[in-house]
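Me: I would like to learn how to read the sheet and the cores of a model. Can we work through one?

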Amino acid sequence: MKLVIQGKNVEVTTAIHEYVHQKITKAVSHFEQLTTEVDVHLSVARNPRINPKQTAEVTIYANGTVIRAQESSENLYASIDLVADKIARQLRKYKEKRQDKTHNLPKTGEIVNEHPVVEDLVGNRAPELPQEVVRTKYFAMPPMTIDEALEQLQLIDHDFYMFRNAETEEINVIYKRSHHGGYGVIQPRHGEGGSNGKSAQGNTEVLSSSKSTKA
């Protein structure tokens, strides 16, 4: 397992490095077969008087899946403890879902359509971004269902997740609904659409833990 530790506004001393190594290694000890690389990013606010938070962020690459966790507190070592516990829980969820899917594999003789992953999404194009944009990320988007995208959203500990819808081959965004609960899906609009900003193909979907309904 490859472990990369970086610091922003904080020196990663030998003591900090050893502490992170100890905590993260313990957190992923039962999942080493799934884990290929672990990136740890430690950061401290430039002005502790304004923002005393010290943050530990862990990103794990596991067989093509990204699992992420982040925790902040007023003590860096406490933040490392918190994020190590959180990433262990995330890995446990991921492993349990993999096992559930293994039990539901297609029977012998069934044909499963495989979608090749495009490694290079940029090609020879040079991105032209507004000056306000300070960071750009590129990643492969293999087609997946909305349920699979929801699983990915829960694993990366973000408010939204962009994915290629396996049914429509279009780019969708699934996100957490902060005020009303549940999850929503943003889909492209085709044609002129109807009134009140509704799509010609239907409204944005809202997901719950049990079923999908319309927003």
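Me: In S4, which residue is the bridge partner of Gln 54?

Reply: Ser 73 is the bridge partner of Gln 54. Bear in mind that this is a predicted model. The general idea: strands of a sheet pair through backbone hydrogen bonds, either parallel or antiparallel. Here, strand S3 (residues 54-62) and S4 run antiparallel, joined by nine bridges.

Me: What is the order of the strands in the open sheet?

Reply: The order is S1-S2-S3-S4, with mixed pairing. Strand S1 (2-8) and strand S4 (65-73) are the edge strands, each pairing on one side only. From one strand to the next, the twist averages 15°.

Me: Do S1 and S2 run parallel or antiparallel, and how many bridges join them?

Reply: S1 and S2 run parallel, with seven bridges between them. Use a residue pair to fix the register: Val 4 stands opposite Asp 39 in S2. Next, trace the connection. The chain leaves S1, passes through H1 and reaches S2; this β-α-β crossover is left-handed.

Me: In what sense do S2 and S3 pair?

Reply: Antiparallel, over eight bridges. His 41 stands opposite Glu 57 in S3, which gives you a marker for that pairing.

Me: Which strands does helix H1 touch?

Reply: Helix H1 (residues 14-27) packs on the sheet and touches S1, strand S2 (37-44) and S3. The direction of H1 makes about 135° with that of S2.

Me: Now the interior. Which residues touch the most other members of the largest nonpolar core?

Reply: Start with the principle. In soluble globular proteins, nonpolar side chains tend to be buried together. In this model, the largest nonpolar core has 26 residues, and Val 20, Val 40, Leu 42, Val 58, Ile 60 and Ile 67 touch the most other members. At least two core residues come from each of H1, S2, S3, S4 and helix H2 (76-103). H2 gives the most, with eight residues.

Me: Take one member. Which residues does Val 58 contact, leaving aside neighbours within four places in sequence?

Reply: Val 58 is in contact with Ile 24, Val 38, Asp 39, Val 40, Ile 67, Arg 68, Ala 69, Val 83 and Ile 87.

Me: How many residues are in the other core that lies apart from it?

Reply: Eleven residues make up this other core, which lies apart from the largest one. Among them are Ala 149, Ile 156, Tyr 161 and Val 185.

Note on methods:
Residues are numbered from 1 along each chain as its sequence is written. This is a predicted model: local features need pLDDT of at least 70, side-chain atom pairs count only at pLDDT 80 or more; totals for chains, interfaces and linings use all residues. Side-chain values use heavy atoms; hydrogens and water are left out. Two strands pair if DSSP finds at least two bridges between them. Helices (H or I, at least four residues) and strands (E, at least two) are DSSP runs, numbered from the N terminus. Axes are lines fitted to C-alpha atoms, for helices over the stretch in contact, and angles run from 0 to 180 degrees between N-to-C directions. Contact means heavy atoms within 4.5 Å. A crossover is right-handed if, with the strands pointing away from the viewer, the path from the first strand over the helix to the second runs clockwise. A nonpolar core is a set of buried Ala, Val, Leu, Ile, Met, Phe, Trp, Tyr and Cys residues joined through side-chain atoms within 4.5 Å. Buried means under 20% relative accessible area, exposed over 50%, partly exposed in between (1.4 Å probe, protein chains only).
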